[in-house]
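Here is a short set of exercises to work through with the model open beside you. Try each task before you read its solution.

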Amino acid sequence: MYKISKSFLLFISLFFLMNIEISLSFFSIFHTASPSLISIAIFLCIKKLNIKPSNLILFLLGIINDVIFGGNLGTNSIQLLLIKIVTERLSFEDINKKNDQDWMYFTLIFITSFSIIFLINTIANASIPDLSPILFHIGVTLMLFPIINLSLDFMYFITNILKS
């Protein structure tokens, strides 16, 4: 029962984060492309919090995201699953034991998964989209990652001080 409730809470949290990501697109600065907060959350859940979301949760979130945004059905599911699989693979490697290289690993993982999804969308639509919103999406996501990562580290620091 604990595992089911933990998975349900993770699903609700990621769904809430996905809705925040969608609502950011209504601001004029993010009108062309909002940052991928769910990608950051999945990476940090696996790397920092030792929470591994199930493939079913990520698949359902990706399908829901595709239906809401009106994209090609299944592409966001593939991206979320790619981020999870590659992050889990890198987190068990000996080279990724340090936390000071998180931004580099997230950049590598995010750009790789996004490039695969970009190729799938390009082939499925048989046209190359405008690159300016795509580069804006990647840039804003990569700029938000250190801010979110540092705020999570700060919360850990404060809780450790309060515990001792």
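**Exercise 1. A residue and its surroundings**

In which helix does N65 lie? Find its burial and its contacts too.

*Solution.* This is a predicted model, so begin by locating the residue in it: N65 belongs to helix α3. Next, take its relative accessible area, which is 5%. Buried means under 20%, so N65 is buried. Then list its contacts, leaving out residues up to four places away in sequence: N65 touches M18, E21, I22 and N76.

Now follow one of these partners, N76. It lies in helix α4, residues 75-91. With 18% relative accessibility, N76 is under the 20% cut-off and therefore counts as buried. Beyond residues up to four places away in sequence, N76 touches G62, N65 and D66.

**Exercise 2. Helix α1 and its packing on α3**

Check whether the length of α1 fits that of a helix, then describe how α1 packs on α3.

*Solution.* Start with the length. Helix α1 covers residues 2-24, which is 23 residues, and at 1.5 Å a residue it should span 33 Å. The C-alpha atoms at its ends are 33 Å apart, so expectation and model agree.

Which residues of α1 are buried? They are L10, F11, L14, M18, E21, I22 and L24. The spacing of such a list can be read with a simple rule: an α-helix has 3.6 residues a turn, so residues three or four places apart point the same way. The cover over the buried residues of α1 includes α2 (37-47) and α3 (55-69).

Turn to the geometry with α3. The axes of α1 and α3 cross at roughly 25 degrees and come within 11 Å. Angles under 35 degrees count as roughly parallel, so α1 is roughly parallel to α3. The crossing of α1 past α3 is right-handed. On the α1 side, the contact is made by S7, F11, L14, F15, M18, E21 and I22, and on the α3 side by I57, L58, L60, L61, I64, N65, I68 and F69. By class, the residues of this contact are twelve nonpolar, two polar and one charged.

**Exercise 3. Helix α6 between partners**

Repeat the length check for α6, then find what its buried residues pack against.

*Solution.* Helix α6 runs over residues 131-163, and its 33 residues should span 48 Å at 1.5 Å a residue. Its end C-alpha atoms are 48 Å apart, so the check agrees again. Its buried residues are P133, I134, H137, I138, V140, T141, L142, F145, N149 and L152. They pack against α2 and α5 (102-125).

**Exercise 4. Two crossings compared**

Are α5 and α6 roughly parallel or roughly antiparallel? Then classify the pair α2 and α6.

*Solution.* For the pair α5 and α6, the angle is about 155 degrees and the axes are 11 Å apart. Angles over 145 degrees count as roughly antiparallel, and α5 and α6 are therefore roughly antiparallel to each other. Their crossing is right-handed. From α5, the residues that meet α6 are D102, W103, F106, T107, F110, I111, F114 and F118, and their partners in α6 are L131, I134, H137, I138, T141, L142, F145, P146 and N149. This contact divides into twelve nonpolar, four polar and one charged residue.

For α2 and α6, the angle is about 40 degrees, with the axes 10 Å apart. The two helices are therefore oblique to each other. Here too the crossing is right-handed. L37, I40, F43 and L44 of α2 meet T141, L144, F145, I148, N149 and L152 of α6. The contact of α2 with α6 has eight nonpolar, two polar and no charged residues.

**Exercise 5. A closer look at I148**

Is I148 buried, partly exposed or exposed? Find its contacts as well.

*Solution.* Place it first: I148 is in helix α6. Its relative accessible area is 28%. Partly exposed lies between the cut-offs of 20% and 50%, so I148 is partly exposed. Leaving aside neighbours within four places in sequence, I148 is in contact with L37, I40 and L44. Lastly, compare sequence with space: I148 and L37 are 111 residues apart in sequence, and their C-alpha atoms are 9.5 Å apart.

How values were computed: Residues numbered from 1 in each chain as written. Predicted model: local features only at pLDDT ≥ 70, side-chain atom pairs only at ≥ 80, totals over all residues. Heavy atoms only, no water. Helix = DSSP H or I, 4+ residues; strand = E, 2+ residues; numbered from the N terminus. Expected span 1.5 Å × (residues − 1). Buried < 20%, exposed > 50% of the residue type's maximum accessible area, 1.4 Å probe, protein only. Contact = heavy atoms within 4.5 Å. Axes fitted to C-alpha atoms, helices over the stretch in contact; angles between N-to-C directions. Parallel < 35°, antiparallel > 145°, perpendicular 65-115°, else oblique. Left-handed = near helix turned anticlockwise from the far one by under 90°. Nonpolar A, V, L, I, M, F, W, Y, C, P; charged D, E, K, R; others polar.
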